[in-house]
Amino acid sequence: MTIRTATVVGAGIGGLATALALLRRGWQVEVLERSHDLTEVGAGLSLWPNALRALDALGLADRVHAQALSESRTGVRTSGGQWLARMDGAAHGGAVMIHRAALQSTLAQALPAGVLRTGVRVSRADADGTVVHSEGSCTADLVVGADGLRSVVRQTVWPDAPGPRYAGYTTCRMVTRPVAVDGGGESWGRGERFGYASLPDGRVYCFATVTAPEDGPRIGLEGLRERFGGWHAPIPALLDATDAGAVLQHGIHELPPLRSYTAGRVALVGDAAHAMTPNLGQGACQALEDAVVLADRADASDGLHAYDLLRRPRTQYVARRSRLVGRVAQLSSRGTVALRDGLVRAAPADAFQKSLKPLVDWSPPAREGRRPE
């Protein structure tokens with residue numbers, strides 16, 4: 001039996017997960033990463049039940065759970081601390097919080113030696129499976145573009161595809177020194193949000209989202225204190241426990257819907273295919289789903305077409321939902337914010353949890369002779 005080959009471009013969560021999923025199906029895989037080191041820093045990550053099922057299919061669920069913390073009380077509050085909506089963290093099987101670097105490291109460590117090649121910069125890919133990079137070129141049965149929002153694979157295989165667009169707001173992310181907090185969640189103001197969640201080691205992952213021009217100035221820790229220092233507890237204490245150098249600021253961009261995630265021997269996964277705003281915490285979750293489905297379908301003669309049919313509608317639906325949540329959460333006029341808060345507060349107690357059901361009730365594809373995991 002001929003061993004099929006795959007070149008994965010990018011060693012983020014989606015790329016590493018896809019490589020592992022393909023290896024588990026008997027593929028020969030190499031991962032090309034332009035950075036010399038894997039350096040995911042400064043961010044926490046929510047893994048919803050759909051992502052945990054994908055990790056289970058990769059054989060990593062236990063390892064991830066050992067490094068994660070189950071989310072407890074969460075929901076949405078006003079800047080003054082009044083609850084607008086609450087959610088039980090155990091709903092839908094529960095979500096967990098993990099540092100992004102810990103998940104990336106777990107995925108990388110699961111790969112056999114020699115699979116991951118760092119310091120290799122890809123300059124182009126072609127639909128025939130050829131990849132040109134800083135150390136030469138290679139041709140594979142499958143090329144996986146997992147190289148993020150500004151994917152070189154997408155730009156060279158789909159030169160007419162739309163590029164990223166700015167969502168209208170910027171986000172500061174940070175991890176504090178250890179702080180005792182009760183639960184987590186988001187708080188909404190006028191054109192501003194602040195969210196936080198505990199990490200397993202006692203530190204707290206925080207983010208602050210501010211409506212701003214794409215080329216607006218850096219906010220920094222002092223700017224965050226000016227904006228959020230008067231919000232409800234424990235937000236001021238979290239800012240006090242943050243080092244100035246720990247604040248990472250990034251404009252939020254998303255990818256307009258693509259007409260296809262596949263062309264010839266090439267398939268896109270993760271942000272390269274469907275970069276979305278982070279408002280639902282589903283970016284990495286959807287990348288993990290992509291990895292499992294692509295590996296499940298890639299062996300078939302029409303496998304990439306089937307992958308596209310399965311993944312594109314779902315991921316673009318999630319992206320639309322996330323975009324809408326961001327628009328609502330970032331409202332800034334006094335009247336519309338009062339209306340928004342009133343409507344959210346008046347919604348049925350279980351409305352928030354029910355709204356998540358289409359997002360988290362995903363399971364890996366059923367294989368012949370077994371039930372879905």
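Which residues does alanine 43 touch, not counting residues up to four places away in sequence? In this predicted model, the list is His99, Arg100, Arg173, Val175 and Tyr205. Let's start there and work outwards.

## Alanine 43 and its neighbours

You'll find alanine 43 in the loop that runs between strand E2 (28–33) and strand E3 (44–47). Its relative accessibility is 2%, and buried means under 20%, so alanine 43 counts as buried.

One of its contacts comes from far along the chain: tyrosine 205 is 162 residues away in sequence, yet the C-alpha atoms of alanine 43 and tyrosine 205 are separated by 6.4 Å. Another contact, Arg100, turns up again in the helix pair below, where Arg100 of H4 is part of the meeting with H1.

## Helix H1 beside helix H4

Two packed helices are described by the angle between their axes and the distance between the axes. For helix H1 (residues 13–24) and helix H4 (residues 100–109), the axes come within 9 Å and cross at roughly 25 degrees. Angles under 35 degrees count as roughly parallel, so H1 is roughly parallel to H4. Their crossing is left-handed.

Who meets whom? On the H1 side you have Ile13, Leu16 and Ala17, and on the H4 side Arg100, Leu103, Gln104, Leu107 and Ala108. Sorted by class, this contact of H1 with H4 has 6 nonpolar residues, 1 polar and 1 charged.

H4 also has a set of buried residues: Ala102, Leu103, Gln104, Thr106, Leu107 and Ala108. The cover over them includes H1 and E3, along with helix H2 (49–57), helix H3 (61–66) and strand E7 (96–99).

## Helix H1 beside helix H9

H1 has another partner to look at. H1 and H9 pack at an angle of about 25 degrees, and their axes are 8 Å apart. H1 and H9 are therefore roughly parallel to each other. This time the crossing is right-handed.

From H1, the contact uses Ile13, Gly14, Ala17, Thr18, Ala21 and Leu22; from H9, it uses Ala284, Ala287, Leu288, Ala291, Leu294 and Ala295. The class split for H1 with H9 is 10 nonpolar, 2 polar and no charged residues.

## The nonpolar cores

Which members of the largest nonpolar core touch the most other members? Out of its 78 residues, they are Leu47 and Leu55. Helix H9 (residues 283–297) supplies the largest share of this core, with 8 residues.

Leucine 55 touches Leu47, Leu60, Ala61, Val64, Leu103, Leu107 and Leu288, leaving aside residues up to four places away in sequence. Some of those names should ring a bell: Leu103 and Leu107 are among the buried residues of H4, while Leu288 is one of the H9 residues in contact with H1.

There is also a second, separate core of 20 residues, and its members include Cys172, Met174, Trp231 and Ile235.

## Two loops worth a look

Most residues other than glycine have a negative phi, and most peptide bonds are trans. Against that background, have a look at the peptide bond from alanine 233 to proline 234: this bond is cis, with omega near 5 degrees. Proline 234 sits in the loop between helix H6 (220–228) and helix H7 (235–240).

Glycine 26 is in the loop between H1 and E2. With a relative accessible area of 47%, glycine 26 is partly exposed. Its C-alpha atom is separated by 21 Å from that of glycine 12, which lies 14 residues away along the chain.

How values were computed. Residues are numbered from 1 along each chain as its sequence is written. This is a predicted model: local features need pLDDT of at least 70, side-chain atom pairs count only at pLDDT 80 or more; totals for chains, interfaces and linings use all residues. Side-chain values use heavy atoms; hydrogens and water are left out. Axes are lines fitted to C-alpha atoms, for helices over the stretch in contact, and angles run from 0 to 180 degrees between N-to-C directions. Helices (H or I, at least four residues) and strands (E, at least two) are DSSP runs, numbered from the N terminus. Angles under 35 degrees count as roughly parallel, over 145 as roughly antiparallel, 65 to 115 as roughly perpendicular and the rest as oblique. A crossing is left-handed if the near helix is turned anticlockwise from the far one by less than a right angle, and right-handed if clockwise. Contact means heavy atoms within 4.5 Å. Ala, Val, Leu, Ile, Met, Phe, Trp, Tyr, Cys and Pro count as nonpolar, Asp, Glu, Lys and Arg as charged, and the others, Gly among them, as polar. Buried means under 20% relative accessible area, exposed over 50%, partly exposed in between (1.4 Å probe, protein chains only). A nonpolar core is a set of buried Ala, Val, Leu, Ile, Met, Phe, Trp, Tyr and Cys residues joined through side-chain atoms within 4.5 Å.
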